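Let's walk through this model together, from its charged pairs to the packing of its helices and on to its surface. Have the sequence and the coordinates open as you read.

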Amino acid sequence: MIVDDRVAHKEHEDTVGPLVTELLEEAGFIVDGVVPVEGETVAIRNALNTAVIGGADLVVTVGGTGVSPRDVTPDATQGVLDRPIPGIAEALRSSGLAAGAVDAGISRGLVGVSGSTLVVNLAGSRSAVRDGMATLSSLVPYVIGELSGL
């Protein structure tokens with residue numbers, strides 16, 4: 001899920017969604033699709049709920065995790081999560097900052113479980129996505145395996 005008003009309104013080409021798809025597929029995941037969403041709390045929450053109800057194992061949101069007033073992805077995500085997994089969110093921030101992705105370092109992004117779906121908020125830059133996916137590659141299969149028993 002790409003949280004970007006310009007991409008959602010087709011005013012700007014999505015350059016991050018294809019990268020996320022490529023990295024997930026390289027890690028062995030099947031990607032159902034990339035959904036552009038406006039940076040509005042209700043739109044983000046609705047898209048997350050649709051994915052969870054649809055039975056997705058993993059939802060990765062990209063963008064809207066910073067400190068500006070328009071960055072509401074974590075706020076919308078918090079309303080959907082049943083249980084947060086703060087350790088993964090901290091690992092994403094730490095590794096992103098160490099790799100020079102400043103937006104990852106200041107991200108308010110959350111990671112947690114909604115139903116049996118793992119939800120991950122990533123910062124919006126390509127470097128934050130690349131580093132975040134590298135960090136997630138070993139963690140996500142483990143969490144999904146744990147959730148498959150629910």
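A salt bridge here means a side-chain nitrogen of Lys or Arg within 4 Å of a carboxyl oxygen of Asp or Glu. With that cut-off, a search of the whole structure, which is a predicted model, finds 5 salt bridges. Side chains of opposite charge can pair when their charged atoms come close.

Start with R70 and D5, whose side chains meet in a salt bridge at 2.3 Å, N to O. R70 lies in the loop between strand 3 and helix 4 while D5 belongs to helix 1, so this pair ties together parts that are 65 residues apart in sequence. R70 is partly exposed, at 40% relative accessible area, and D5 also counts as partly exposed, at 26%. The two are joined by E40 in a network of salt bridges.

Another of the pairs is R6 with D4, at 3.9 Å from N to O; R6 counts as partly exposed, with 45% relative accessibility. In helix 5 (residues 86-98), you can find E90 and R93, 3 residues apart, or about one turn of the helix. Their closest N and O atoms are 2.8 Å apart, and they form a salt bridge. Which partner is buried and which is partly exposed? R93 is buried, with a relative accessible area of 16%, whereas E90 is partly exposed at 45%.

Stay a moment with the loop between strand 3 and helix 4, as D71 is placed there too. D71 counts as buried, because its relative accessibility is 19% and the cut-off for buried is under 20%. Leaving aside neighbours within four places in sequence, D71 is in contact with G64, T65, G66 and R108. F29, by contrast, is 42 residues from D71 in sequence and 28 Å from it in space, C-alpha to C-alpha.

Now turn to helix 3 (residues 41-53). At 1.5 Å a residue, its 13 residues should span 18 Å, and the C-alpha atoms at its ends are indeed 18 Å apart. Where do its buried residues I44, L48 and V52 sit around the axis? Seen down the axis, the buried residues fall within an arc of 70°, so they line one face of the helix. On the other side, V42, T50 and I53 are exposed. The buried residues of helix 3 pack against several elements, including strand 1 (2-3), strand 3 (58-62) and helix 4 (73-78). Following helix 3 is G55, with a positive phi near 90°.

Helix 2 (residues 17-26) has buried residues as well: G17, L19, V20, T21, L23 and L24. Those residues pack against strand 1, strand 3 and helix 7 (126-147). Just after helix 2 comes G28, which takes a positive phi of about 95°. K10 also has a positive phi, about 60°, although it is not a glycine. You will find K10 in the loop between helix 1 and helix 2, where it is exposed, with a relative accessible area of 73%.

Finally, look at the surface. V67, V102 and I106 form a nonpolar patch there, with about 300 Å² of accessible area together. V102 is found in helix 6 (residues 102-105), and its relative accessible area of 54% makes it exposed.

Methods
Residues are numbered from 1 along each chain as its sequence is written. This is a predicted model: local features need pLDDT of at least 70, side-chain atom pairs count only at pLDDT 80 or more; totals for chains, interfaces and linings use all residues. Side-chain values use heavy atoms; hydrogens and water are left out. Patches are made of residues with over 30% relative accessible area and no salt bridge: like charges are joined within 9 Å, nonpolar side chains (Val, Leu, Ile, Met, Phe, Trp, Tyr) within 5 Å. Accessible areas come from the Shrake-Rupley method with a 1.4 Å probe; for residues, only the protein chains shown count as cover. Helices (H or I, at least four residues) and strands (E, at least two) are DSSP runs, numbered from the N terminus. Buried means under 20% relative accessible area, exposed over 50%, partly exposed in between (1.4 Å probe, protein chains only). The expected span of a helix is 1.5 Å times one less than its number of residues. The arc is that of the directions from the helix axis to the C-beta atoms. Contact means heavy atoms within 4.5 Å.
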